[in-house]
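This report goes through selected residues and contacts of one protein chain. The sequence and coordinates are shown first.

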Amino acid sequence: VQLQASGGGLVQAGSSLRLSCAASGRTFSSYNLGWFRQAPGKERKFVAAISQLGSTAEYAHFVKGRFTISRDNAKNTVSLQMNSLQPDDTAVYYCAAGPVLSTAVRYYDYWGQGTQVTVSS
């Protein structure tokens, strides 16, 4: 599966952004999907993940209550609604697909190219 992330940008603290990730391939619904982020000089971190049918979602503690992950298997898309953005949320955001619903990078086999999110104070 190939993934293409979009929706990043430069916003002020307190603003919202919605990231989208479009996937190619007919087996999209068989993958668990995740969003990760990577700030300059830091390792890639888990943000959120959603199961194949969208019935289960997991979030990193630092985004819980602010971010919402969702998927549309009919459109082969996964989204990340980000509210109350803070400067610490600045990073490149990556979507990923894998066979296991996990918070670990190593369980995701396919990655999008990343989209930059910059939050100014």
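## Asn32

Asn32 has a relative accessibility of 3%, so it counts as buried, the cut-off being under 20%. The model is a predicted one, and Asn32 belongs to its strand β4.

A polar contact runs from the side chain of Asn32 to the backbone oxygen of Pro99, at 3.1 Å. Leaving out residues up to four places away in sequence, Asn32 touches Ala96, Ala97, Gly98, Pro99, Val100, Leu101 and Tyr108, and also Ile50, Ser51, Gln52 and Arg71.

## Arg71

Arg71, one of the residues that Asn32 touches, is located in strand β7, which spans residues 67–72. Arg71 is buried but has no salt bridge. Its nearest side chain of opposite charge belongs to Asp72, 8.2 Å away; a salt bridge would need a side-chain nitrogen within 4 Å of a carboxyl oxygen.

Which partners do the polar atoms of the Arg71 side chain have? One is the backbone oxygen of Gln52, 3.2 Å from a polar atom of that side chain. Another is the side chain of Asn73, with a polar contact of 2.8 Å. With residues up to four places away in sequence not counted, the residues touched by Arg71 include Phe28, Ser29, Tyr31, Asn32 and Leu33. Also among them are Ile50, Ser51, Gln52, Gly54, Thr77 and Val78.

## Disulfide

The structure has 1 disulfide. It is formed by Cys21 and Cys95, whose sulfur atoms are 2.0 Å apart. Cys21 sits in strand β3 (residues 17–24) and Cys95 in strand β9 (residues 91–98), so that the pair, 74 residues apart, links distant parts of the chain.

Is the disulfide right-handed or left-handed? The torsion about its S-S bond is about 60°, and the disulfide is therefore right-handed. Cys21 and Cys95 are both buried.

## Nonpolar core

The largest nonpolar core comprises 33 residues. Those touching the most other members are Trp35, Val47, Phe67, Leu80, Met82 and Tyr93. At least two core residues come from each of the strands β1 (2–6), β3, β4 (32–38), β5 (45–50), β7, β8 (77–82), β9 and β11 (115–120).

Leu80 is one of the residues that touch the most other core members. Apart from neighbours within four places in sequence, Leu80 is in contact with Trp35, Val47, Phe67 and Tyr93, which are also named in that group. The other contacts of Leu80 are Leu17, Arg18, Leu19, Ala48, Thr68 and Ile69.

Notes. Residues are numbered from 1 along each chain as its sequence is written. This is a predicted model: local features need pLDDT of at least 70, side-chain atom pairs count only at pLDDT 80 or more; totals for chains, interfaces and linings use all residues. Side-chain values use heavy atoms; hydrogens and water are left out. Helices (H or I, at least four residues) and strands (E, at least two) are DSSP runs, numbered from the N terminus. Buried means under 20% relative accessible area, exposed over 50%, partly exposed in between (1.4 Å probe, protein chains only). Lys and Arg count as positive and Asp and Glu as negative; His and the chain ends are not counted. A polar contact is a pair of N or O atoms within 3.5 Å; within protein, one must be able to donate a hydrogen and the other to accept it, and residues adjacent in sequence count only if both atoms are side-chain atoms. Contact means heavy atoms within 4.5 Å. A disulfide is a pair of cysteine sulfur atoms within 2.5 Å. A nonpolar core is a set of buried Ala, Val, Leu, Ile, Met, Phe, Trp, Tyr and Cys residues joined through side-chain atoms within 4.5 Å.
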